[in-house]
Amino acid sequence: MILIVGGAGYIGSHLVKELVKSEKVIVLDNLTTGSRSLVDSRVDFIEGNLGDENLLNKIFTQYPIKAVMHFAASSLVGESVSNPFKYYKNNVSETLTLLNSMVEHNVKNFIFSSTAATYGIPNMDFIDEEHSSNPINPYGRSKLMVEKILQDFSIAYGLNYVVLRYFNAAGAHESAEIGESHDPETHLIPIVLQHLLGQRDKITVYGNDYDTPDGTCIRDYIHVTDLANAHIKALNALLTELKKTATYNLGNGKGYSVKEIIETCEKITGIKAKVEYGDRRAGDPSRLVASSNKIYKELGWRAEMDLEKIIESAWKWHNR
Ligand code: UFG
């Protein structure tokens, strides 16, 4: 049985939908940002906090859990700058409680959702895992702290782990039953699609004076089902003991500017967007594009869905 912490959130719920095909799954989620309706009906669901020691004791005693995947985190860069306490508490302190409980119950395998934000301002076009880690906001720092804790726990307690550093997760499940929805929404693709559906009167592009070909920020967008499949490969690598510890980037290896995203959304929907240019958003590096060669070489994973497929799937879901 696999415990999915944060399995009612955007990325966690997509993972659960894939993982139930091969494993028994239990989801722990406090539903502050997640939604019960996103959780596949075939899994056991427990509403609660990952920092609740008593609850974790019960779960690890009651269920034969062989691995934990951890998706539950606060993940907005801007909010992390204005409210760092929330980030260090939710992302570091509560994760430490979870890891400690795993050690106490001899649960050895852990998959951690980390982020490209751990790198900071990149000094290479295609960021690989050897790039230095100098995060420029509390969100990135909170994730990097857990990465360090994992290294120490592995040495001291024999915890096995895979760290997955996501670039920009996007898109929706092929069934269009689940997709990306945050409240408030801050992510580019859902904002553009909401505007094209008439739910927002315009799109504001945060800065067009960056050092990029069209002046807007470049990101590497990866389909959420591709992300889910990478987690399953990582899980199998731990369970078969192919890997004891590993850190991988998860991206497409292609960069698209904010302008290119808006244009692709216009093309796919056939609707013209109303765009205004605003100030830069604090904490945004100009370009973040992954090299995902390492996970391809070691686990045979690579992203299958290109930008058009990502936006088509998101559009189908937004239309429901
Ligand atoms: N953007 C706009 N207008 C909007 C929303 C976004 O111009 O209304 C721009 C942003 O400034 C950025 C790009 O679109 O340049 C993508 O922004 P998102 O908010 O969709 O995604 P981020 O790149 O900020 O966030 C992602 C992950 C975070 C991670 C971060 C690392 O979601 O978890 O990359 O920088 F921390």
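## Around the ligand

A residue counts as near the ligand here if one of its heavy atoms lies within 4 Å of it. In this predicted model, 20 residues surround the ligand, and the closest are L188, T204, R219, R281 and D284. Sorted by class, the shell holds 11 nonpolar, six polar and three charged residues.

Which elements supply at least two residues of this shell? They are helix 6, covering 188–196, and strand 8, covering 203–206. Strand 8 gives the most, with three residues.

## Polar contacts and burial

Let's turn to individual atoms. R219 places a polar side-chain atom 2.7 Å from an oxygen atom of the ligand. The side chain of H187 has an N or O atom 3.2 Å from a ligand oxygen. T186 takes part through its backbone: a polar atom there is 3.3 Å from an oxygen atom of the ligand. How much of the ligand does the protein bury? Taken alone, the ligand exposes 690 Å², and 93% of that is buried by the protein.

## A three-stranded sheet

R219 also has a place in the strand pairing, so here is a little background: strands of a sheet pair through backbone hydrogen bonds, either parallel or antiparallel. One open sheet in this model has three strands in the order 12-9-14, and its pairing is mixed. Strand 12 (256–257) and strand 14 (287–288) are the edge strands; each has a single partner strand, so one side of each has no neighbour in the sheet.

Strand 9 is made of residues 218–219, and two bridges join it to strand 12, with the two running antiparallel. Which residue of strand 12 is the bridge partner of R219? It is Y256. R219 therefore appears twice in this account, as one of the closest residues to the ligand and as a bridge partner of Y256.

## An enclosed space

Rolling a probe the size of a water molecule over the atoms shows where empty space is left. For this model, the count comes to one cavity of 30 Å³ or more. About 40 Å³ of space lies in the largest cavity.

Which residues line it? The largest cavity is lined by Y221, N252, K254, Y256, D306 and L307. By class, that lining divides into three nonpolar, one polar and two charged residues. Y256, the bridge partner of R219, is thus also part of the lining.

## Backbone details in one loop

Most residues other than glycine have a negative phi, and most peptide bonds are trans. The loop between strand 7 (168–170) and helix 6 is worth a look with that in mind, as P184 is found there. The peptide bond joining D183 and P184 is cis, with omega about 0°.

A176 also sits in the loop between strand 7 and helix 6. Its phi is near 60°, a positive value in a residue other than glycine.

Definitions and conventions. Residues numbered from 1 in each chain as written. Predicted model: local features only at pLDDT ≥ 70, side-chain atom pairs only at ≥ 80, totals over all residues. Heavy atoms only, no water. Polar contact = N/O pair within 3.5 Å; in protein donor to acceptor, adjacent residues only side chain to side chain. Areas by Shrake-Rupley, 256 points an atom, 1.4 Å probe, with all protein chains shown as cover. Helix = DSSP H or I, 4+ residues; strand = E, 2+ residues; numbered from the N terminus. Nonpolar A, V, L, I, M, F, W, Y, C, P; charged D, E, K, R; others polar. 1 Å grid on protein atoms, 1.4 Å probe; cavity = no way out; pocket = protein on both sides within 12 Å on 5 of 7 lines; lining within 4 Å. Points joined across faces, edges and corners; volume = space filled by probe spheres on them. Pairing = 2+ DSSP bridges.
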